Amino acid sequence: MYDLNDLVEMKKPHPCGTNRWKIIRMGADIKIQCTECGHIVMMPRREFDRKLKKILVKAEK
């Protein structure tokens with residue numbers, strides 16, 4: 001479904017105004033980084049699955 005370094009769109013935008021996030025760590029928890037301001041958020045995979053809207057760009061392998 002989604003993988004490391006994918007650009008994703010979440011349901012709610014970040015306070016800086018953008019809605020694009022890059023997945024920078026995967027495991028039981030997923031760490032995402034805002035593409036606009038660089039803020040990093042870590043959340044459980046289950047919560048990430050609920051908040052994910054769509055995958056914008058798949059990372060090249």
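Modeller: Quick ground rule: helices and strands are DSSP runs numbered from the N terminus, with H or I over at least four residues for a helix and E over at least two for a strand. The model is predicted: local features need pLDDT of at least 70 and side-chain atom pairs pLDDT 80 or more, while totals for chains, interfaces and linings use all residues. Residues are numbered from 1 along each chain as its sequence is written, and side-chain values use heavy atoms, with hydrogens and water left out.

Biologist: Thanks! So where is Arg25 found?

Modeller: Arg25 is in strand 2.

Biologist: And what is the relative accessible area of Arg25?

Modeller: The value is 37%, so Arg25 is partly exposed. The cut-offs are under 20% relative accessible area for buried and over 50% for exposed, with partly exposed in between, using a 1.4 Å probe and protein chains only.

Biologist: What does Arg25 touch, skipping residues up to four places away in sequence?

Modeller: Arg25 touches Leu4, Ile30, Lys31 and Met42, where contact means heavy atoms within 4.5 Å. The C-alpha atoms of Arg25 and Leu4 are 6.5 Å apart, with their positions 21 residues apart in sequence.

Biologist: Which backbone oxygen does the side chain of Arg25 reach?

Modeller: The one of Asp29, at 3.4 Å. That is a polar contact: N or O atoms within 3.5 Å, where within protein one must be able to donate a hydrogen and the other to accept it, and residues adjacent in sequence count only if both atoms are side-chain atoms.

Biologist: Nice. Changing topic: which residues make up the largest nonpolar core?

Modeller: There are 11 residues in it: Tyr2, Val8, Met10, Trp21, Ile23, Ile30, Ile32, Cys34, Met43, Phe48 and Leu52. Such a core is a set of buried Ala, Val, Leu, Ile, Met, Phe, Trp, Tyr and Cys residues joined through side-chain atoms within 4.5 Å.

Biologist: Which strands supply at least two residues of this core?

Modeller: Strand 1 (7-10), strand 2 (20-25) and strand 3 (29-34) each do. Strand 3 gives the most, with 3 residues.

Biologist: Ile32 is in strand 3, right? Is Ile32 buried or exposed?

Modeller: Buried, at 1% relative accessibility. Beyond four places in sequence, Ile32 has contacts that include Met10, Trp21, Ile23, Met43 and Phe48.

Biologist: And how does strand 3 pair with strand 4?

Modeller: Strand 3 and strand 4 (residues 40-44) run antiparallel over 5 bridges; DSSP must find at least two bridges for two strands to pair. Within that, Gln33 has Ile40 of strand 4 as its bridge partner. The two strands form a hairpin with 5 residues between them, and Gly38 in the turn has a positive phi of about 85°.

Biologist: How many aromatic pairs are there?

Modeller: The count is 1. Rings of Phe, Tyr and Trp (its six-membered ring) pair with centres within 6.5 Å; planes under 30 degrees apart are stacked, over 60 edge-to-face, the rest tilted. The rings of Tyr2 and Phe48 have centres 5.0 Å apart and planes at 75°, so they are edge-to-face.

Biologist: Why does that pair tie together parts 46 residues apart in sequence?

Modeller: Because Tyr2 sits in the segment before strand 1 while Phe48 belongs to helix 1 (residues 45-51). Both Tyr2 and Phe48 are buried. Tyr2 also has contacts outside its sequence neighbours with, among others, Ile23, Arg45 and Ile55.

Biologist: Last topic: how many salt bridges?

Modeller: There are 4, each a side-chain nitrogen of Lys or Arg within 4 Å of a carboxyl oxygen of Asp or Glu. One of them joins Asp6 and Lys58 at 3.2 Å, N to O. Asp6 is buried at 1% relative accessible area, whereas Lys58 is partly exposed at 48%.

Biologist: Which residues do shared partners join into one network?

Modeller: Glu9, Lys53 and Lys54. The Lys53 and Glu9 side chains meet at 3.7 Å, N to O, and the closest N and O atoms of Glu9 and Lys54 are 3.9 Å apart. Glu9 lies in strand 1 and Lys54 in strand 5, so that pair ties together parts 45 residues apart in sequence.

Biologist: What is the relative accessible area of Glu9?

Modeller: Glu9 is at 14%, so it counts as buried. Lys53 is exposed at 53%, and Lys54 is partly exposed at 44%.
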